[in-house]
Amino acid sequence: MENDLADLFLKAAKRIRRHQVERLAPLGLTPAQSRALRVIVGTEGPLRMTDLARRLDIVPRSATTLVDALEADGLVTREPDPANRRSLLVRPTGEGLAVRARIAGTRREAAREVLSPLSDEQRETLRELLGVIDAAAGPGRGLSER
């Protein structure tokens, strides 16, 4: 049963991701760029590039590549960290905030479509169960951190 459960869970997650990719395409963003923008916007104040890499669980060079693309699209800006001249801070632009709001809607639509066969009660039960799994992962390791 556990293998079946894992397979079903992964299939559902892949379907949600596929729907998200389709909906993100018109915005010109990859899922990784979308995730990076979500983290940047969700942070109080500017974010150090090294902290962004840690939150995304990627190497700093990969974070730089993501921020390069987001900056080229006018969604974020980089500036020197006044507390540490060797560090850069990244923050969203007004356009970045607007795109992030559209991404949130896109994510909800993708999940809603995949979960549409479930009743409201079943979706709430699933949300609660996934919340238990997320909380059990511990601080900094749960899905809500991503």
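Arg 48 counts as partly exposed, because its relative accessibility is 30% and so falls between the cut-offs of 20% for buried and 50% for exposed. In this predicted model, Arg 48 forms a salt bridge with Asp 81, and a search of the whole structure finds 9 salt bridges. The points below take up that pair, then other charged pairs, and finally a nonpolar patch on the surface.

**The pair between two strands**

- The closest N and O atoms of Asp 81 and Arg 48 are 2.6 Å apart, and the pair links distant parts of the chain, since Asp 81 belongs to strand β2 (residues 76-81) whereas Arg 48 belongs to strand β1 (residues 47-48), 33 residues apart.
- Asp 81 has a relative accessible area of 5% and is therefore buried, this value being under 20%, while its partner Arg 48, at 30%, is partly exposed.
- As a general point, side chains of opposite charge can pair when their charged atoms come close.

**Other salt bridges**

- Glu 71 and Arg 78 form a salt bridge in which the closest N and O atoms are 2.6 Å apart.
- Both residues of this pair reach the solvent in part: Arg 78 is partly exposed with a relative accessible area of 22%, and Glu 71 is partly exposed at 31% relative accessibility.
- Within helix α6, Arg 127 and Glu 124 lie 3 residues apart, which is about one turn of the helix, and they form a salt bridge whose closest N and O atoms are 3.1 Å apart.
- Arg 127 counts as exposed because its relative accessibility of 54% is over 50%, whereas Glu 124, with a relative accessible area of 34%, is partly exposed.
- Arg 23, Glu 109 and Glu 113 are linked with one another in a network of salt bridges.

**A nonpolar patch on the surface**

- Four residues, Phe 9, Leu 10, Leu 130 and Ile 133, form a nonpolar patch on the surface, and together they have about 380 Å² of accessible area.
- The elements that give two or more residues to this patch are helix α1 (2-24) and helix α6 (120-136).
- Leu 130, one of the patch residues, is found in helix α6, the helix that also holds the salt-bridged residues Arg 127 and Glu 124.
- Leu 130 counts as partly exposed at 31% relative accessibility, and this value satisfies the requirement of over 30% relative accessible area that applies to residues of a patch.

Methods: Residues are numbered from 1 along each chain as its sequence is written. This is a predicted model: local features need pLDDT of at least 70, side-chain atom pairs count only at pLDDT 80 or more; totals for chains, interfaces and linings use all residues. Side-chain values use heavy atoms; hydrogens and water are left out. Patches are made of residues with over 30% relative accessible area and no salt bridge: like charges are joined within 9 Å, nonpolar side chains (Val, Leu, Ile, Met, Phe, Trp, Tyr) within 5 Å. Accessible areas come from the Shrake-Rupley method with a 1.4 Å probe; for residues, only the protein chains shown count as cover. A salt bridge is a side-chain nitrogen of Lys or Arg within 4 Å of a carboxyl oxygen of Asp or Glu. Helices (H or I, at least four residues) and strands (E, at least two) are DSSP runs, numbered from the N terminus. Buried means under 20% relative accessible area, exposed over 50%, partly exposed in between (1.4 Å probe, protein chains only).
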